[in-house]
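Q: Please take a close look at a single part of this structure and give a connected account of it. I would like to know how that part is enclosed, how it is paired, and what surrounds it.

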Amino acid sequence: MPFDLLRIDDRLSHGLRHWRRTGGVKQESLAHDIGVSQATISRLESGQALPGERDLHQLLARISASPSAPSDRQLIRFVRQSAEPLHLVCDLTHRLLAASPSRASEWAIAPERLNGRSLWRYASPDIVEAECGLGAIGWHERTSLETRFVTASFECSAISIRKSVVHWVRIPLANGTFARLVRTGNAGTE
């Protein structure tokens with residue numbers, strides 16, 4: 001996952017701290033596993049430092065959404081079978097986890113080819129603006145939250161975004177990571 005595609009800010013510090021506490025992982029243990037000091041982990045969690053590219057990839061491998069528990073697989077199944085236009089992404093990296101058939105029909109690329117890849121490169125300016133505002137509403141500090149906003153139409157080669165009301169729901173997964181359920185509706189009716 002390209003380093004420059006991620007807006008690494010308080011999402012990383014909050015995600016790392018929550019993942020570590022949920023899993024009962026001590027800072028010293030994580031530091032040993034990735035080859036840094038415990039003080040470095042502390043600075044990363046407090047937002048006082050950003051990791052280098054090597055450390056970032058190791059951290060993201062641990063704290064990115066990875067639905068593996070039965071309840072997580074049910075969520076994936078729900079999204080893939082839904083008649084609504086839905087997709088599910090990693091809340092931290094925007095990596096696609098699942099898409100409904102109606103959402104997939106809006107895309108020029110099949111979801112199977114996008115699964116595991118970040119959708120951030122296809123974000124409209126309205127989506128980027130909404131993402132930048134998540135910190136102000138406490139998105140990263142709470143285990144579940146919902147927000148919505150309106151996005152204008154936006155065309156790119158792989159994914160077309162129509163003018164719509166976008167609903168984001170932050171969902172905790174069984175292993176302490178987070179997914180984001182994305183649902184859209186007609187901007188004129190919601």
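A: A residue is called buried here when its relative accessible area is under 20%, and exposed when that area is over 50%. The model is a predicted one, and the part chosen is strand β1, which covers residues 86–90. By the burial criterion, five of the five residues of β1 are buried, so the strand is largely enclosed by the rest of the structure.

The pairing of β1 may be taken next. The strand belongs to an open sheet of five strands, whose order is β2-β1-β7-β6-β3 and whose pairing is antiparallel. β2 (96–99) and β3 (145–151) stand at the edges of this sheet; each has a single partner strand, so one side of each is left without a neighbour in the sheet. In the strand order, β1 lies between β2 and β7. Averaged over the sheet and with direction ignored, neighbouring strands are turned by 20° against each other.

On the β7 side, five bridges join β1 to its antiparallel partner. Within this pairing, Val-89 has Arg-180 of β7 as its bridge partner. On the β2 side, the antiparallel pairing comprises three bridges, and here His-87 is placed opposite Ala-99 of β2.

The connection between β1 and β2 also merits attention. These two strands form a hairpin, with five residues between them. His-94 is located in this loop. The phi angle of His-94 is near 65°, a positive value in a residue other than glycine. With a relative accessibility of 8%, His-94 counts as buried, because the limit for that class is 20%.

Beyond β7, the sheet continues with β6 and then β3. Strands β6 (residues 164–172) and β7 (residues 178–186) run antiparallel and are joined by nine bridges. In this pair, His-167 stands opposite Arg-183 of β7.

Two helices pack on the sheet. Helix α5 (residues 70–81) touches β1 itself, together with β2, β6 and β7. The direction of α5 makes about 50° with that of β2. Helix α8 (residues 125–132) touches β3, β6 and β7, and its direction makes about 150° with that of β3.

In summary, β1 is a strand with five of five residues buried. It is paired with β7 through five bridges and with β2 through three, and α5 is in contact with it.

Technical notes. Residues are numbered from 1 along each chain as its sequence is written. This is a predicted model: local features need pLDDT of at least 70, side-chain atom pairs count only at pLDDT 80 or more; totals for chains, interfaces and linings use all residues. Side-chain values use heavy atoms; hydrogens and water are left out. Two strands pair if DSSP finds at least two bridges between them. Helices (H or I, at least four residues) and strands (E, at least two) are DSSP runs, numbered from the N terminus. Axes are lines fitted to C-alpha atoms, for helices over the stretch in contact, and angles run from 0 to 180 degrees between N-to-C directions. Contact means heavy atoms within 4.5 Å. Buried means under 20% relative accessible area, exposed over 50%, partly exposed in between (1.4 Å probe, protein chains only).
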